[in-house]
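Visitor: I should like to go through this model with attention to exposure, charged pairs and pockets. Please define each term when it arises.

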Amino acid sequence: NMTIILVVVLLSALMFALAISWLLTVSLSRLTFGMDMLALLKFEEQGDSLLTSRSQFNELSKCEQSFASLERGLKAFVKYVPREVVRMMLAGEMDSTNAMSRRTVSMLFMDIAGFSSLCEQVDPEMLVRLTQEYLQAMCEIIVRSRGTLDKFIGDCIMALWNAPRQLKHHERAAVGAA
């Protein structure tokens, strides 16, 4: 009798421990995945958080709150600093001591010809859709050519090559993107 009770208690304790370890593993895996995506800046600037649910464990819940705060900060930061620069900072490739250096760069300023006239002729929803499609397509070309998107100024895109990462034949890459 006592042996059976002991076996039942031990099996129950083992099942409880396995359930707790599974919950911890799931929470830690989610947090690790979120951190990996955050480090790669793979998030939507206006989208939902990378972590969609909260852990039932107090310590992990606090880590998730810190993660959410970090995510909000990075989302705000990449609005003002080119993603490539932020990626380099996160990877430890750039800090305040090596961020400034004198070098030749290739720059591109590109906008939609006749954009002001277009604004007067097209309804706002169509204008937004066309502008988004244009900016998305141009950004993909710039990134593929290893350029750095610096900023958007209305319908204008400012991009550069050979900064922050050095790029051999940056002139060719910039002309190719144009």
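Visitor: Is Asp150 buried, partly exposed or exposed?

Guide: This is a predicted model, in which local features need pLDDT of at least 70, side-chain atom pairs count only at pLDDT 80 or more, and totals for chains, interfaces and linings use all residues. Residues are numbered from 1 along each chain as its sequence is written, and side-chain values use heavy atoms, with hydrogens and water left out. Buried means under 20% relative accessible area, exposed over 50%, and partly exposed in between (1.4 Å probe, protein chains only). Asp150 has a relative accessible area of 23%, so the class is partly exposed.

Visitor: With which residue does Asp150 form a salt bridge?

Guide: A salt bridge is a side-chain nitrogen of Lys or Arg within 4 Å of a carboxyl oxygen of Asp or Glu. For Asp150 the closest N and O atoms of the pair are 3.5 Å apart. The partner is partly exposed, with a relative accessible area of 39%. That partner is Lys151.

Visitor: How many salt bridges does the structure hold, and which residue meets Glu64 in one of them?

Guide: The structure holds four salt bridges. Glu64 lies in helix H2 (residues 58–77) and its partner in helix H1, so the pair ties together parts that are 34 residues apart in sequence. Helices here are DSSP runs (H or I, at least four residues), as are strands (E, at least two), numbered from the N terminus. Glu64 is buried at 1% relative accessibility, and its salt bridge, at 2.8 Å from N to O, is with Arg30.

Visitor: Which residue forms a salt bridge with Lys75?

Guide: The closest N and O atoms of this pair are 3.8 Å apart. The two residues are four apart in helix H2, and are therefore separated by about one helical turn. Lys75 is buried, with a relative accessible area of 9%, and the partner is buried at 2%. The partner is Glu71.

Visitor: How much space lies in the largest pocket?

Guide: On a 1 Å grid over the protein atoms alone, a pocket is an open set of points with protein on both sides within 12 Å along at least five of seven lines, and lining residues have an atom within 4 Å of a point. The volume is the space filled by probe spheres set on the points, which are joined across faces, edges and corners. The largest pocket holds about 1,100 Å³.

Visitor: Which residues that line the largest pocket are the closest to its centre?

Guide: Helix H3 (83–90), helix H5 (124–144) and strand E2 (148–153) each supply at least two residues of the lining. By class, the lining has 14 nonpolar, seven polar and ten charged residues. Of the 31 lining residues, the closest to the centre are Arg83, Cys139, Val143, Leu149 and Phe152.

Visitor: How far apart in space are Leu149 and Arg83?

Guide: Leu149 is found in strand E2 and is partly exposed, with a relative accessible area of 23%. Leu149 and Arg83 are 66 residues apart in sequence. From C-alpha to C-alpha, their separation in space is 7.7 Å.

Visitor: Where is Met15 found, and is it buried or exposed?

Guide: Met15 is found in helix H1 (residues 2–39). Its relative accessible area is 56%, so Met15 is exposed.

Technical notes:
1 Å grid on protein atoms, 1.4 Å probe; cavity = no way out; pocket = protein on both sides within 12 Å on 5 of 7 lines; lining within 4 Å. Nonpolar A, V, L, I, M, F, W, Y, C, P; charged D, E, K, R; others polar.
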